[in-house]
Each structure stands twice: as structure tokens, then as C-alpha cells.
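Here are some notes to read alongside the structure. Take them one at a time, and find each residue in the viewer as you go.

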Amino acid sequence: MNPGTASRPAKLRLSRVGIVSCVLVVAGLVLGATVDMAFLILFALGAFGPSLLRAFGLLDDLDEFQKEAARRAGYHAYIAGGVFLCAVAIARSWGTANLDHDEISAAAGIAALTIVYFMSRVVSFWGAQAAAFRVLIALGSFWLVFALLSHPGLGGLVEGSVALPFFLLAFAARRWPRASGALLLVAAALAFRLFGLAKAFRGNQGSLMVILLFVVPLAAMGIALLA
């Protein structure tokens, strides 16, 4: 092997398994939020199906680099999920002396785990700049489709304008990574403030999901670009 190639960023080549997984995840989220939550079955199949098959030795489609990236992402998701659930349990049970007040939406826990896993894995493969571009384009597209399906007509276009910062910063990240990283952190803070997401700490599940699906990805990509 040429030593000069050892430090080059690895390329993530989406296999048929990866493409099917992505399609199932997106379809499950969109249909679950707009039609029936039963469609989260598709999300579960896409997000966890391949990993289950690999764990049982029924699927062997990853090379050593990909396996290491998957293990690293799983470790990060474990830490983030544990910290998130502990923080929620503490916030909701503050001032009590039992475990009866720590209820939380299962969807929020799933979102915390899968988002962190996804962010960690793509940054491991692509590096910060390329990962930020792809992640922001994907998230912007998701929010745009979600808004159009939830609010047909002009209302959907207005709601879909939330996706505009994703697209603008995705292209800016390729040319000005450090500045874009700082802007992503500012955008995350502004979104938290403007959308009144502090309600999440008082048990508002809608605000909590917006933090996980909107603010956390912006902040994560901002930190990756700065670091």
C-alpha cells in the first residue's frame, strides 16, 4: 500500500443494505409523523435491522474500517443516550423521593440514540466538512418534506422555510468550515431561543423532539467543523 494514501479520508460507499436502510428510516419517520405511527416499523427495520443481522452473523457487509466506525458510533450513542435519559429522569423527578415521575416518550429516547449514532458514524467516514454538507442537506430535505406533507399549500412553504438554514450552511461549510461551524452553533442557540424550547425541561414532548431533531444536529455539525 502506498504510504501517502494512508491518511486520506475514507469514502463511504453506500451498499444496497445502506440504501435500503436510509429509505426505510426516512419513510418510517415521514409516514409515522403524517399518517400513522405504526409506520415506525419501517424506521425500526432500517435503523436497527442491519445491525441485528450483523450481530447474529447473518450479514457480513462491512470491512474493518467500517466495523470500527460502527463500534465507535455505538459507543458514542450509548454515552449520549445514557446522559440524555439520566438528565430527563433527574429533571422530571427533582424534589421527589421515588421513580414514579420520570416518564418520557419512547420516541425521544430512540431519537437521542439514533441521531448521535448517525452523526458519529458519518463524521468517522467522511470527515467534518463532507459529513456536515451531507447531513445538513439530508436534514433540510427531511424538514422540507415533513412541512409540505403536514401543511399542504402555502402553509407548507412557510413552515418549510425552516429548512433554508440547513441548505445555506451546507454549502458554506464546504468553503468556510470554521466560520460555518460557529454559525451552526449560533443557529442552534437561536433556534432554542426563538422556538421557546426551554419548555422541554418542563415536560413538553414536542419541544424535546424539536431539540433532538433540529437543534442537536446543528450543534453537532458545528462542533465537528470547529474541532
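Is Leu136 buried or exposed? Keep that in mind for a moment; point 1 takes it up.

1. **Leu136.** Please remember throughout that this is a predicted model. To settle the opening question, Leu136 counts as buried because its relative accessibility is 0%, and the cut-off for that word is under 20%. You will find Leu136 in helix 5. Setting aside neighbours within four places in sequence, Leu136 is in contact with Phe166, Leu169, Ala170, Leu184 and Leu218. Try one distance as well: Leu136 and Pro217 are 81 residues apart along the chain, and 8.1 Å separates their C-alpha atoms.

2. **The overall plan.** Now zoom out. The protein has nine helices and zero strands, so if you read the elements from the N terminus on, you get α-α-α-α-α-α-α-α-α. Of the 227 residues in the protein, 31% are buried. Take the contacts between residues at least 6 apart in sequence: 65% of them join residues at least 24 apart. On the outside, the accessible surface comes to about 13,600 Å², and carbon and sulfur atoms account for 70% of that.

3. **The largest nonpolar core.** This core has 39 residues, and the members that touch the most others are Leu212 and Leu218. Two or more residues come from each of helix 3, helix 4, helix 5 (128-150), helix 7 (164-175), helix 8 (177-194) and helix 9. Have a look at Leu212 in the viewer. Beyond its neighbours within four places in sequence, Leu212 is in contact with Phe84, Ala108, Ala111, Ala112, Ile115 and Pro217.

4. **The second largest pocket.** How can we find a pocket in a set of atoms? Rolling a probe the size of a water molecule over the atoms shows where empty space is left. In this model, the second largest pocket holds about 590 Å³ of space. Its lining has 29 residues, and those nearest its centre are Phe84, Leu208, Ile211, Leu212 and Val216. The elements that give two or more residues to the lining are helix 3 (64-93), helix 4 (106-126) and helix 9 (205-226). Helix 9 provides the largest share, 11 residues. By type, the lining divides into 25 nonpolar residues, three polar and one charged. You have met Leu212 already: this residue belongs to the largest nonpolar core and is also among those nearest the centre of the pocket.

5. **Ser180.** Which helix holds this serine? Ser180 is in helix 8. With 2% relative accessibility, Ser180 counts as buried, because buried means under 20%. Not counting residues up to four places away in sequence, Ser180 touches Leu169, Ala172, Ala173 and Leu225. Leu169 may look familiar, since Leu136 is in contact with it too.

6. **Lys199 and Ser207.** These two make a nice pair to view together. Lys199 lies in the loop between helix 8 and helix 9, while Ser207 is in helix 9. Lys199 is partly exposed, with a relative accessible area of 36%; Ser207, at 5%, is buried. Leaving aside neighbours within four places in sequence, Lys199 is in contact with Asn204 and Ser207. Seen from the other side, and with residues up to four places away again not counted, Ser207 touches Gly196, Leu197, Lys199 and Ala200.

7. **Leu149.** Is this leucine buried or partly exposed? Leu149 is partly exposed, with a relative accessible area of 46%. Like Leu136, Leu149 is found in helix 5. Not counting residues up to four places away in sequence, Leu149 touches Val30 and Thr34. Leu149 and Val35 are 114 residues apart in sequence, and their C-alpha atoms are 9.6 Å apart in space.

8. **Ala44.** One last stop is helix 2 (residues 40-55), where Ala44 has its place. Ala44 is partly exposed, because its relative accessible area of 34% falls between the cut-offs of 20% and 50%. From C-alpha to C-alpha, Ala44 and Leu24 are 8.2 Å apart in space, and 20 residues apart in sequence.

How values were computed. Residues numbered from 1 in each chain as written. Predicted model: local features only at pLDDT ≥ 70, side-chain atom pairs only at ≥ 80, totals over all residues. Heavy atoms only, no water. Helix = DSSP H or I, 4+ residues; strand = E, 2+ residues; numbered from the N terminus. Buried < 20%, exposed > 50% of the residue type's maximum accessible area, 1.4 Å probe, protein only. Contact = heavy atoms within 4.5 Å. Areas by Shrake-Rupley, 256 points an atom, 1.4 Å probe, with all protein chains shown as cover. 1 Å grid on protein atoms, 1.4 Å probe; cavity = no way out; pocket = protein on both sides within 12 Å on 5 of 7 lines; lining within 4 Å. Points joined across faces, edges and corners; volume = space filled by probe spheres on them. Nonpolar A, V, L, I, M, F, W, Y, C, P; charged D, E, K, R; others polar. Core = buried A, V, L, I, M, F, W, Y, C linked by side-chain atoms within 4.5 Å.
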